[in-house]
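Please open the model in your viewer, with the sequence panel beside it, and keep a selection box ready. The tour below proceeds from one selection to the next and says what is to be found at each stop.

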Amino acid sequence: MIFFSKFYTTLILPLFNKQTPLEEGELRSAIEKMSQKAGFTLENVFVMDGSKRSTKANAFFSGFGKNKRIVLFDTLIRDLETDEIVAVLAHEIGHFRLKHIVRSTVLGVLQTGIMLFLLGWFVNEPALSEALGASKPVFHIGLIGFGILYSPVSSLSGLGMTIFSRRNEYQADAFAAKYARPEALQTALKKISANALSNPTPHPWYVFFNYSHPPLLQRLEALDKKVRR
Ligand SMILES: [Zn+2]
C-alpha cells in the first residue's frame, strides 16, 4: 500500500493517462505564490489529460517525499478560473499539511492488517466449514464463511473511514479558506460538482453511510463562515 501511494503517479497513472508539467505563466505563478504562503515546497505540478475519459474536473495530491506531486485535470483548467484552481489546490495542500494523507495511509494499512489477521484466524476454523456443510475444514469454504462474517465488520470500519474522511474535507476547506479566497473555493466546488453530475440534495442517512466528501451544500455553508467581510 505504501509502495502504491508512493509510486502511483510515476508508475501506475502513466499507464492510463499522460501528464505534462504545467507551463510557466499566470496560473503557475499564482499557484507558486499560494503554496509558498501555505508553507508547502512545490516542485511538481502536472496537468493530466482527464478529458480523455470524462468531463469530471479534479485535482489530487499523490506520493510522498521526492515523489510527491500535484496533478490537475485538464478539465479543471478548462472550466475553472485561476483563483478557483488556486483555491482547489490550497485544499489539496491542506490535506497534506494537516497530515490527512499520512493518517489515512496508516488507517488503511491497519484496516487491511486487521482483516488479514481475522482471515488467518477464521479460515482454518473447523466450526466455520462445518456450519457451511463441509465435513472437514477446507480453505475455500473457510473463505466464503469469512466473507459472510466479515461483511458487517467491514461496513463498520468503512463507516469509520467515511466519517474520518468527511471531517478531513471540512478541515482542508478551512485550510484553503486561509490561503486562498473562500469565495473562489465555493464557485470552484459548484463547478466541479456540476461537472461530476453529483446529487445536490442527497438523503442525510445515505450521506452518513456512504459519502467520503460532505455534500456540496454543507461545504458551501461551512465556507460561508470563512468569507472575510
Ligand atoms: Zn479533499
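## Strand 2 and its partners

Begin by selecting strand 2 (residues 45–48) and showing its side chains: V45 and V47 point one way, F46 and M48 point the other way, and all are buried. Buried here means under 20% relative accessible area, exposed means over 50%, and partly exposed lies in between, with a 1.4 Å probe and protein chains only. In a regular strand the side chains alternate between the two faces of the sheet.

Before going further, note that this is a predicted model, in which local features need pLDDT of at least 70 and side-chain atom pairs count only at pLDDT 80 or more, while totals for chains, interfaces and linings use all residues. Residues are numbered from 1 along each chain as its sequence is written, and side-chain values use heavy atoms, with hydrogens and water left out.

Keep strand 2 selected and add strand 1 (residues 19–21), which runs antiparallel to strand 2 and is joined to it by 3 bridges; within this pairing, P21 has F46 as its bridge partner. Next add strand 4 (residues 69–73), which pairs with strand 2 in the parallel sense over 4 bridges, and there F46 has V71 as its bridge partner. Two strands are said to pair if DSSP finds at least two bridges between them.

## The whole chain

Now zoom out and colour by secondary structure, which comes to 10 helices and 4 strands, where helices (H or I, at least four residues) and strands (E, at least two) are DSSP runs numbered from the N terminus. Read along the sequence, the pattern is α-β-α-β-β-β-α-α-α-α-α-α-α-α. The C-alpha trace spans about 70 × 40 × 30 Å along its principal axes, and of the 229 residues in the protein, 39% are buried.

## Salt bridges

Turn next to the charged side chains, for which a salt bridge is a side-chain nitrogen of Lys or Arg within 4 Å of a carboxyl oxygen of Asp or Glu. How many salt bridges are there by this rule? The count comes to 6, and the following selections visit several of the residues involved.

Select R28 and E32, whose side chains meet in a salt bridge with an N to O distance of 3.0 Å. These two residues are 4 residues apart in helix 2 (residues 26–37), and are therefore separated by about one helical turn. R28 counts as buried at 11% relative accessibility, whereas E32, at 33%, counts as partly exposed.

Then select R78 and D79, where the side chains meet in a salt bridge of 3.1 Å, N to O. R78 counts as exposed at 55% relative accessibility, and D79 is partly exposed, with a relative accessible area of 23%.

Move on to R181 and D83, whose side chains form a salt bridge of 2.4 Å, N to O. Because R181 lies in the loop between helix 7 (139–179) and helix 8 (182–195) and D83 lies in helix 4 (residues 82–97), the pair ties together parts that are 98 residues apart in sequence. R181 counts as partly exposed at 41% relative accessibility, and D83 is also partly exposed, with a relative accessible area of 34%.

To finish this stop, select E169, D173 and R219 together, since these residues are linked in a network of salt bridges.

## Two loop residues with positive phi

Most residues other than glycine have a negative phi, and most peptide bonds are trans. Select K99, in the loop between helix 4 and helix 5, where phi is near 65 degrees, a positive value in a residue other than glycine. K99 is partly exposed, with a relative accessible area of 47%.

For another such case, select L197 in the loop between helix 8 and helix 9 (204–210); L197 is not a glycine, yet has a positive phi of about 55 degrees. L197 is exposed, with a relative accessible area of 75%.

## A buried loop residue

As a last stop, select A38, which is found in the loop between helix 2 and strand 2 and counts as buried at 1% relative accessibility. Add G94 and draw the C-alpha to C-alpha distance, which is 8.3 Å, although A38 and G94 are 56 residues apart in sequence.
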